[in-house]
Amino acid sequence: MLKMIHPVAGAIALLTISTFWLSTLFAELFGSEAFVVSVKTSIPWGFFVLVPALMTVGGTGFVLSKGGRAGVIGGKLKRMAFIAANGLLVLIPAALFLASKARAGEFDKAFYAVQALELLAGVTNITLLGLNVRDGLRLRRHA
């Protein structure tokens with residue numbers, strides 16, 4: 001059962017973060033101010049999907065690793081720790097800050113500085129999750 005739950009939770013997490021990132025980029029490049037406000041104020045609601053998905057993928061991955069910390073499994077665990085820290089320390093606070101600023105119509109230097117940081121941190125997590133998917137598929141083939 002865990003072997004089914006783990007990749008589904010990972011896919012949900014990766015798709016959710018990718019949706020946040022692409023929506024933000026599209027809104028900033030091509031959208032109106034109202035569209036940017038809509039995107040930035042909607043993203044925190046997506047945490048109700050993202051956080052449980054990440055918790056599930058992390059927990060099931062830990063159980064599936066059977067305590068292994070070397071090789072491919074060790075790499076996945078290290079990436080997940082970084083993904084979690086990046087999310088908790090950068091992405092969630094940034095999203096809440098940006099939602100607040102957007103709701104108030106304050107598109108100032110602070111908004112765009114945090115927006116740039118959020119896009120960089122987001123693409124980092126997308127990349128790391130993608131690497132974990134790649135390694136998970138490798139492990140599955142060799143199991």
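Which elements each supply at least two residues of the lining of the second largest pocket? In this predicted model, the answer is α1, α2, α3 and α4, each of which supplies at least two residues of that lining. The second largest pocket holds about 440 Å³ of space, and 24 residues line it, with L50, L54, G87, L91 and N125 lying nearest its centre. Although four helices take part in this way, it is α3 that gives the most to the lining, with nine residues. Sorted by class, the residues around the second largest pocket are 18 nonpolar, five polar and one charged.

The largest pocket can be described in a similar way. The volume of the largest pocket is about 770 Å³, and among the 25 residues that line it, H6, L64, K76, G136 and L139 are the closest to its centre. The elements that give two or more residues to this lining are α1, which spans residues 2–30, then α2, then α3, which spans 71–103, and α4, which spans 109–142. Here the greatest share comes from α4, which gives seven residues to the lining of the largest pocket. The lining of the largest pocket divides by class into 14 nonpolar, seven polar and four charged residues.

From the pockets one can turn to single residues, beginning with N132, which is found in helix α4. N132 counts as buried because its relative accessibility is 6%, and the cut-off for that class is under 20%. The side chain of N132 makes a polar contact with the side chain of R79, at 2.5 Å. When neighbours within four places in sequence are left aside, R79 is one of the residues in contact with N132, together with G75, K76, M80 and I83. One of these contacts, K76, has already been named among the residues closest to the centre of the largest pocket.

A second residue to look at is S42, which is found in helix α2, the run of residues 33–65. With a relative accessibility of 40%, S42 counts as partly exposed, whereas N132, at 6%, counts as buried. The side chain of S42 reaches the backbone oxygen of S38 at a distance of 2.6 Å. Looking further along the chain, one finds that S42 and A95 are 53 residues apart in sequence, while their C-alpha atoms are separated by 9.6 Å.

The aromatic rings offer a last set of landmarks, since a search of the whole structure finds six aromatic pairs. One of them joins F26 and F35, whose ring centres lie 6.1 Å apart and whose planes stand at 90°, so that the pair is edge-to-face. F26 counts as partly exposed at 47% relative accessibility, and F35 is also partly exposed, with a relative accessible area of 34%. The rings of F111 and Y112 form another pair, and because their planes are at 85°, with the centres 5.0 Å apart, this pair is edge-to-face as well. In this pair the two partners fall into separate classes of accessibility, for F111, at 0%, counts as buried, whereas Y112, with a relative accessible area of 42%, is partly exposed. Finally, F26 and F35 belong with F30 to a cluster that is linked by ring pairs.

Note on methods. Residues are numbered from 1 along each chain as its sequence is written. This is a predicted model: local features need pLDDT of at least 70, side-chain atom pairs count only at pLDDT 80 or more; totals for chains, interfaces and linings use all residues. Side-chain values use heavy atoms; hydrogens and water are left out. Buried means under 20% relative accessible area, exposed over 50%, partly exposed in between (1.4 Å probe, protein chains only). A polar contact is a pair of N or O atoms within 3.5 Å; within protein, one must be able to donate a hydrogen and the other to accept it, and residues adjacent in sequence count only if both atoms are side-chain atoms. On a 1 Å grid over the protein atoms alone, a cavity is a set of points where a 1.4 Å probe fits but cannot get out, and a pocket is an open set with protein on both sides within 12 Å along at least five of seven lines; lining residues have an atom within 4 Å of a point. Grid points are joined across faces, edges and corners, and a volume is the space filled by probe spheres set on the points. Ala, Val, Leu, Ile, Met, Phe, Trp, Tyr, Cys and Pro count as nonpolar, Asp, Glu, Lys and Arg as charged, and the others, Gly among them, as polar. Contact means heavy atoms within 4.5 Å. Rings of Phe, Tyr and Trp (its six-membered ring) pair if their centres lie within 6.5 Å; planes under 30 degrees apart count as stacked, over 60 as edge-to-face and the rest as tilted.
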